[in-house]
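Got your viewer open? Here is a short tour, stop by stop, with something to select at each one.

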Amino acid sequence: MRRLALVVVAVALVGGALFVGWSIGSNTETVLVEQPTVPLTSPVRSGVLADSVFASGTVSYPITGQVRLTTGTVTAVGTSAVLIGDGVAPVEVDLRPLFLMRGERPMFRNLDVGDEGADVWQFQEGLARLGLYRADIDGKFGHATRTAWRQLQEDLGVKPQNIVLRTDIAFQETFPVRVNMDGILPGDPAAGLLLMFTRPEPDVTAQIPVTSSASLRRGMSAEIIGQGGSRWPATVADLSDDGVTVTATLTVEGVNLPPSFRVRIDVVSESGVGLIAPMSAIAADGTGASYVTVWDQDMGTRSEEHTSELQSH
C-alpha cells in the first residue's frame, strides 16, 4: 500500500528554499547555503466515511377511526393500546360486548331478520371471516345470519340475542388497529366518543439542525434509544427541510415505543471509502471550497482533494 502524507498548505516557502546565515573566522563573511525545504505533513488514512447524528425523537400514532355512541353505560374495559383484530370486543356496554368488524359503513341501526342493505352485507362478510356464516352473502338478514350472530355471542359467554343492536358492532376499515381507551372506566357514560383507533405502526420523527444534516439521505440505518437503554432498529423513510431544521421520519415495526427517546442515524458517505484527514489540514480556495493537498511520497506528486471526498477529524 502506498504511503500518503498531507501537506499543510499554510506553510510559507520563500523562493523555494531556506537560506541560513553563516560566520567564518574573524572576517565577517556571509555564506548563503541553500537548504532544501521539507513541507509540514500529517498522516492520512483511507476508510469508510461515516458518522452518527443524534437527536431527540417523538412518536405518534395516526388515527384511523373512532366509535361514537348515543346511549349506554360502560360495564367492562379491556387493555388500552393493544393491537385489536377483526371480531374482537375491547369494551362492554350495558353488559354486552362491543364487537369490532371490518367494514366501511357505520352501524347506524339495529338489525333483525328481514332487514336488507349494504350494512347487512358487510355484517355477513364479518361473520363469514370469523367462520360463523357459511350461506350466501346477499345483504339479506335471514335465519342463517341470525344463527351466526347468536354463535358469536355464545363464544364469548354472552346470553345470545336475536337482534343486533347498533351498540353491538363497530365497523372499522382496517385491521389490526391500536385501541386507545385511556381514561375509560366501568360506570362511565358510553355516549359520545367512546373508542379511538390508530394505526399499529407509529410515526417516529427526529428534528435535526440543518447544519448537521448535509449528508442525511433516505434509506439510512437508524436506531431508537430508550431512556433505560433499550434499542430498536429503524430506517430513515423521509426527510423534510424548513430551512432551520430537517425532520427525519423513521420506520420501525413491531415495537411499543416509549414517549421519550433518542434517535441515532448512521451517516455513511455516498462515495464509500475516502481519505480521513485532520481538521488542521483543510484549507479554502478562492471560491471558498475546502480542500487539502495530498503529497504522494512514492510518486513524488501532489494533488488537491476537496472535502466532499473527505471526512475531517
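Start with the whole chain and a long-range view: of the contacts in the protein with a separation of 6 or more, 64% are between residues 24 or more positions apart. Contact here means heavy atoms within 4.5 Å.

Some ground rules before you click further. This is a predicted model, where local features need pLDDT of at least 70 and side-chain atom pairs count only at pLDDT 80 or more, while totals for chains, interfaces and linings use all residues. Residues are numbered from 1 along each chain as its sequence is written, and side-chain values use heavy atoms, with hydrogens and water left out.

**Stop 1: the overall fold**

Switch to cartoon and you'll find two helices and 22 strands. Both kinds of element are DSSP runs numbered from the N terminus (helices are H or I with at least four residues, strands are E with at least two). Of the 313 residues in the protein, 35% are buried. Buried means under 20% relative accessible area, exposed means over 50%, and partly exposed is in between, using a 1.4 Å probe and protein chains only. Now turn on the surface: the protein exposes about 17900 Å², with carbon and sulfur atoms supplying 52% of it. Those areas come from the Shrake-Rupley method with a 1.4 Å probe, and for residues only the protein chains shown count as cover.

**Stop 2: the largest nonpolar core**

Select L216, I224, L250, V252 and I265. These touch the most other members of the largest nonpolar core, which has 23 residues. A nonpolar core is a set of buried Ala, Val, Leu, Ile, Met, Phe, Trp, Tyr and Cys residues joined through side-chain atoms within 4.5 Å. Which strands each supply at least two residues of this core? Color strand 5 (45-60), strand 14 (203-209), strand 15 (221-226), strand 16 (231-241), strand 17 (245-251) and strand 18 (261-277) to see them.

Zoom in on I224. Leaving aside neighbours within four places in sequence, I224 is in contact with V204, S230, R231, W232, A234, V252, L257, F261 and R262. Another core, of 18 residues, lies apart from the largest one; pick it up with I84, V93, L195 and F197, which are among its members. In soluble globular proteins, nonpolar side chains tend to be buried together.

**Stop 3: G57 in strand 5**

Next, center on G57, which sits in strand 5. Buried or exposed? G57 counts as buried, because its relative accessibility is 9%. Draw a C-alpha to C-alpha distance to Q207: the two residues are 150 apart in sequence and 7.2 Å apart in space. Not counting residues up to four places away in sequence, G57 touches T205, A206, P259, F261 and V263.

**Stop 4: the second largest pocket**

Select Q66, V67, P106, M107 and F171, which lie nearest the centre of the second largest pocket among its 21 lining residues. On a 1 Å grid over the protein atoms alone, a pocket is an open set of points where a 1.4 Å probe fits, with protein on both sides within 12 Å along at least five of seven lines, and lining residues have an atom within 4 Å of a point. The volume of this pocket is about 380 Å³.

Strand 6 (63-69) and strand 11 (169-172) each supply at least two residues of the lining, and strand 6 gives the most, with six. By type, the lining divides into eight nonpolar, eight polar and five charged residues.

**Stop 5: loops with backbone features**

Select F175 and P176: a cis peptide bond joins them, with omega about -5°. P176 is in the loop between strand 11 and strand 12 (177-180).

Then go to D94, in the loop between strand 9 (91-93) and strand 10 (96-102). D94 has a positive phi of about 55° although it is not a glycine, and it is partly exposed at 43% relative accessible area. L95 lies in the loop between strand 9 and strand 10 too; its phi is near 65°, a positive value in a residue other than glycine. L95 counts as exposed, at 61% relative accessibility.

**Stop 6: P186**

Finish at P186, in the loop between strand 12 and strand 13 (192-198). P186 counts as exposed at 53% relative accessibility. What does P186 touch, not counting residues up to four places away in sequence? Show V74, T75, A76 and V77. P186 and T75 are 111 residues apart in sequence and 4.7 Å apart in space, C-alpha to C-alpha.

Definitions and conventions. Grid points are joined across faces, edges and corners, and a volume is the space filled by probe spheres set on the points. Ala, Val, Leu, Ile, Met, Phe, Trp, Tyr, Cys and Pro count as nonpolar, Asp, Glu, Lys and Arg as charged, and the others, Gly among them, as polar.
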